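Grab a pencil and work through these exercises with the model open beside you. Try each task before you read its solution.

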Amino acid sequence: MFSFNFNLCYLQTRTAGFHSIGVYQSLNKILKHEGFQGLYKGNGASVIRIVPYAALHFMTYERYKSWILNNYPVLGTGPFIDLLAGSAAGGTSVLCTYPLDLARTKLAYQVADTRGSIKDGVKGVQYQTANNGIKGVLTSVYKEGGVRGLYRGAGPTLTGILPYAGLKFYMYEKLKTHVPEEHQKSILMRLSCGALAGLFGQTLTYPLDVVKRQMQVASLQNAAHEEDRFKNTFDGLRKIARNQGWRQLFHGVSINYIRIVPSAAISFTTYDMMKSWLGVPPQQKSRSVSAA
């Protein structure tokens, strides 16, 4: 799936030579200039990031949910609790792993003609100086902007992840309540609910992901005018809609569906199955038992 993530980065950031062509043409162009390895540029940072991100996401979700249930019983025990706990868990996991997300984007954004075929390349392709892996990217960013630089684009990320993570958990738990009890443990049911939850959450928050990517690569694009840079999330949304057209806010969303829908489905299914295998009781039931 990473080749889709790599291609998505080019579409979201309007990399010259990539923003006006489709998925298939983009993949062919990457293969032509960088070979098969080009499709997996930045994959190391992505793999290193996803392990602690996923672990923190689901672990803190359970912790936040338990805390809310124990301290705010007036809120009840429905899917609304999943919305609050999921949002808080998403923010926590993003803050703890964001520098790796930044490194992944910068590594993926680099375009290098490793095959020496610049003459046959498409006009307008930007050739960036390659950073020496994850450590090289993070060191370079830190020297340039300090700790603040390592969190460039974190604003729209948090603005996007809070509703996305919350809606994802909310929709997943809400959908499961409409499934007949005899099918509650069905793997297909869990995959379907997870896929729909990921699809719904990603559609609503995708424009914020576009803003984040463009902020992350701003230093590589060398914006000529200060007004081209984004001051904050909403400024980014406004400027992209004004200067690039509102369609740019959803450019590449189809690729993201191919990536995020199966990812969400598998994540939620694995999460539920692991809880079942480990004998972790539902928060609502554990709370009622302790109260009794």
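A pocket, on a 1 Å grid over the protein atoms alone, is an open set of points where a 1.4 Å probe fits, with protein on both sides within 12 Å along at least five of seven lines, and lining residues have an atom within 4 Å of a point. A volume is the space filled by probe spheres set on the points, which are joined across faces, edges and corners.

Some ground rules: residues are numbered from 1 along each chain as its sequence is written. The model is predicted, so local features need pLDDT of at least 70 and side-chain atom pairs pLDDT 80 or more, while totals for chains, interfaces and linings use all residues, and side-chain values use heavy atoms, without hydrogens or water.

**Exercise 1.** Describe the largest pocket and what lines it.

*Solution.* Start with the volume: about 1100 Å³. Next, find the centre: of the 44 lining residues, R49, I50, Y53, I260 and S263 are the closest to it. Then ask who contributes: helices 1 (2-12), 3 (43-71), 4 (79-109), 6, 7 and 10 each give two or more residues. Helices here are DSSP runs (H or I, at least four residues), numbered from the N terminus. Helix 10 supplies the largest share, 14 residues. Finally, sort by class: 22 nonpolar, 13 polar and nine charged. Nonpolar covers Ala, Val, Leu, Ile, Met, Phe, Trp, Tyr, Cys and Pro; charged covers Asp, Glu, Lys and Arg; the others, Gly among them, are polar.

**Exercise 2.** Work out how helix 7 sits against helix 6.

*Solution.* Take the axes, lines fitted to C-alpha atoms over the stretch in contact, with angles from 0 to 180 degrees between N-to-C directions. Those of helix 6 (residues 154-177) and helix 7 (residues 187-216) come within 8 Å and cross at roughly 170 degrees. That makes the pair roughly antiparallel (under 35 degrees is roughly parallel, over 145 roughly antiparallel, 65 to 115 roughly perpendicular, the rest oblique). Their contact holds 16 nonpolar, eight polar and four charged residues.

**Exercise 3.** Now do the angle of helix 7 with helix 9.

*Solution.* The axes of helix 7 and helix 9 (residues 233-243) come within 9 Å and cross at roughly 95 degrees. So helix 7 is roughly perpendicular to helix 9. Look for contacts (heavy atoms within 4.5 Å): P207, L208, V210, V211 and Q214 of helix 7 meet T233, G236, L237 and I240 of helix 9. By class, that's six nonpolar, three polar and no charged residues.
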